[in-house]
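Let's take a walk through a protein model together. Have the sequence and the 3D view ready, and follow along one piece at a time.

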Amino acid sequence: MIKVIPPKTVKQYDRWDRVHYRSALECVPSPVVFDSIPSAKQTLWHMYRRPNLLLVFLDDHIERVRQELKELGYKDGDFLKVEDVCKFDQMHYYGTQAIDEAIKELRISSSHHVLDVGSGLGGPARYLAHKTNCAVTALELQEDLHNEAGNLTERCNLQHKLTHIAGDFLHLDLEDFYQQSGVTLTEEDKQSYERDLYMKNLPEKDAYFKQLEEAGFMDIQFQDLTGEFLSFVSKRQHEFVENKERHLRVIGQDAYDGLLDFYTTVKRLFNDGLCGGCRVIATKQIS
């Protein structure tokens, strides 16, 4: 049984609370795949270090989804098609393509119950429930994201398959990024990691294996996706700039500027060979 701790408000945090990796990993169901944009960790780190900016970031993201749906002709309260919502509610690389690969790799079917930790706006959870008819529990720390996720799920009529919980999960120092071996980061690089990407202590490949093995995981698969990620972030930044006029009309100047800065920074880090992309799949027996 996983104990869910009620979420704290931003003002209650005055430091970065860390939990040992092992105690966290021992609570993770099996099999598990870490293959999504690290929204939970990004949000946590962003919250502790820059709470005011976090609130702007969350508000902009939620509002952006609402504006995109209006652009498709939906009004507030209208029932939604999952196929439309999933164009905007996926907070990770490659959108639903990554979820389809997880479904295939883990053989997820209607007989499974999937736990989505750091579920954001519920995009992957809704897509999983819609695509496979499996049951999903979506756990999200941030109340704003949790509330909007529940609203979107009801508008997609998936509340009977998907349960949203607002709560705090033990911290995992696992990303879908990894630190390239033999790379010396400058102070500017380190600041960019922390300030722009909300990442700290990005582990190298060997660290993933060590943390998972110490927690009792087996059959560890480390898939290097650096090439695919570089292609994705380059195309994303290019297409975003190409469609500037449309984005300014739909999401506004502030949201556009923030996203452009983020997309450009990520592209630079991959182009400079400072970080790589990966997918880690591991199995653990649950007694």
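## Strands that pair

Two strands count as paired if DSSP finds at least two bridges between them. With that in hand, look at strand 2 and strand 3: they pair in the parallel sense, over five bridges. One spot to find there is valine 117, which stands opposite leucine 139 in strand 3. Keep in mind that you're looking at a predicted model.

Now go to the other side of the pairing story. Strand 3 (residues 135–140) also pairs with strand 4, again in the parallel sense and over five bridges. Which residue in strand 4 is the bridge partner of glutamate 140? That's alanine 166.

## The sheet as a whole

Put those pairings together and you get an open sheet of three strands, in the order 2-3-4, with parallel pairing. Strand 2 (113–117) and strand 4 are the edge strands, as each of them pairs on one side only. On average, neighbouring strands of this sheet are turned by 15° against each other, if you ignore direction.

Helix 6 (residues 123–132) packs on this sheet and touches strand 2, strand 3 and strand 4. The direction of helix 6 makes about 175° with that of strand 3. Strand 4 (residues 162–166) has two faces to check out: Leu162, His164 and Ala166 are on the covered one, while Thr163 and Ile165 are on the uncovered one.

## A β-α-β unit

How do you get from strand 3 to strand 4? Follow helix 7 (residues 143–155): strand 3, helix 7 and strand 4 make a β-α-β unit, and it's right-handed. Helix 7 lies across strand 3 and strand 4, and runs at about 165° to strand 4.

In the loop between helix 7 and strand 4 you'll find asparagine 157. Its phi is positive, about 60°, although asparagine 157 is not a glycine. Asparagine 157 has 44% relative accessibility, so it counts as partly exposed.

## Threonine 137, inside strand 3

Threonine 137 sits in strand 3. Is threonine 137 buried or exposed? Its relative accessibility is 14%, and the cut-off for buried is under 20%, so threonine 137 counts as buried.

So what does it touch? Leaving aside neighbours within four places in sequence, threonine 137 is in contact with His113, Val114, Leu115, Asp116, Thr163 and Ile165. With histidine 113 there's a polar contact too, from side chain to side chain, at 2.7 Å.

## Two buried residues in loops

Loops can hold buried residues as well, and tyrosine 74 is one of them. You'll spot tyrosine 74 in the loop between helix 3 (51–71) and helix 4 (82–85), with a relative accessible area of 14%. Skipping its neighbours within four places in sequence, tyrosine 74 is in contact with Leu69, Phe79, Leu80, Lys81, Asp84 and Arg155. The side chains of tyrosine 74 and aspartate 84 make a polar contact at 2.5 Å.

Next up is aspartate 89, in the loop between helix 4 and helix 5 (95–106). Aspartate 89 has 2% relative accessibility, so it counts as buried. Its side chain makes a polar contact with the side chain of glutamine 90, at 2.9 Å. Beyond neighbours within four places in sequence, aspartate 89 is in contact with Leu121, Gly123, Pro124 and Arg126.

## An exposed residue in strand 6

Aspartate 219 is in strand 6 (residues 218–224). Its phi is near 50°, a positive value in a residue other than glycine. Aspartate 219 has 54% relative accessibility, so it counts as exposed.

## Helix 12, checked with a ruler

Here's a sum you can follow yourself. Helix 12 (residues 253–271) has 19 residues, so at 1.5 Å a residue it should span 27 Å. The expected span uses one less than the number of residues. The end C-alpha atoms of helix 12 are 27 Å apart, which agrees.

Which residues of helix 12 are buried? They are Ala255, Tyr256, Leu259, Phe262, Tyr263, Thr265, Val266, Leu269 and Phe270. When you look at the spacing in that list, it helps to know that an α-helix has 3.6 residues a turn, so residues three or four places apart point the same way. After helix 12 comes glycine 273, with a positive phi near 70°.

Technical notes: Residues are numbered from 1 along each chain as its sequence is written. This is a predicted model: local features need pLDDT of at least 70, side-chain atom pairs count only at pLDDT 80 or more; totals for chains, interfaces and linings use all residues. Side-chain values use heavy atoms; hydrogens and water are left out. Helices (H or I, at least four residues) and strands (E, at least two) are DSSP runs, numbered from the N terminus. Buried means under 20% relative accessible area, exposed over 50%, partly exposed in between (1.4 Å probe, protein chains only). A crossover is right-handed if, with the strands pointing away from the viewer, the path from the first strand over the helix to the second runs clockwise. Contact means heavy atoms within 4.5 Å. A polar contact is a pair of N or O atoms within 3.5 Å; within protein, one must be able to donate a hydrogen and the other to accept it, and residues adjacent in sequence count only if both atoms are side-chain atoms. Axes are lines fitted to C-alpha atoms, for helices over the stretch in contact, and angles run from 0 to 180 degrees between N-to-C directions.
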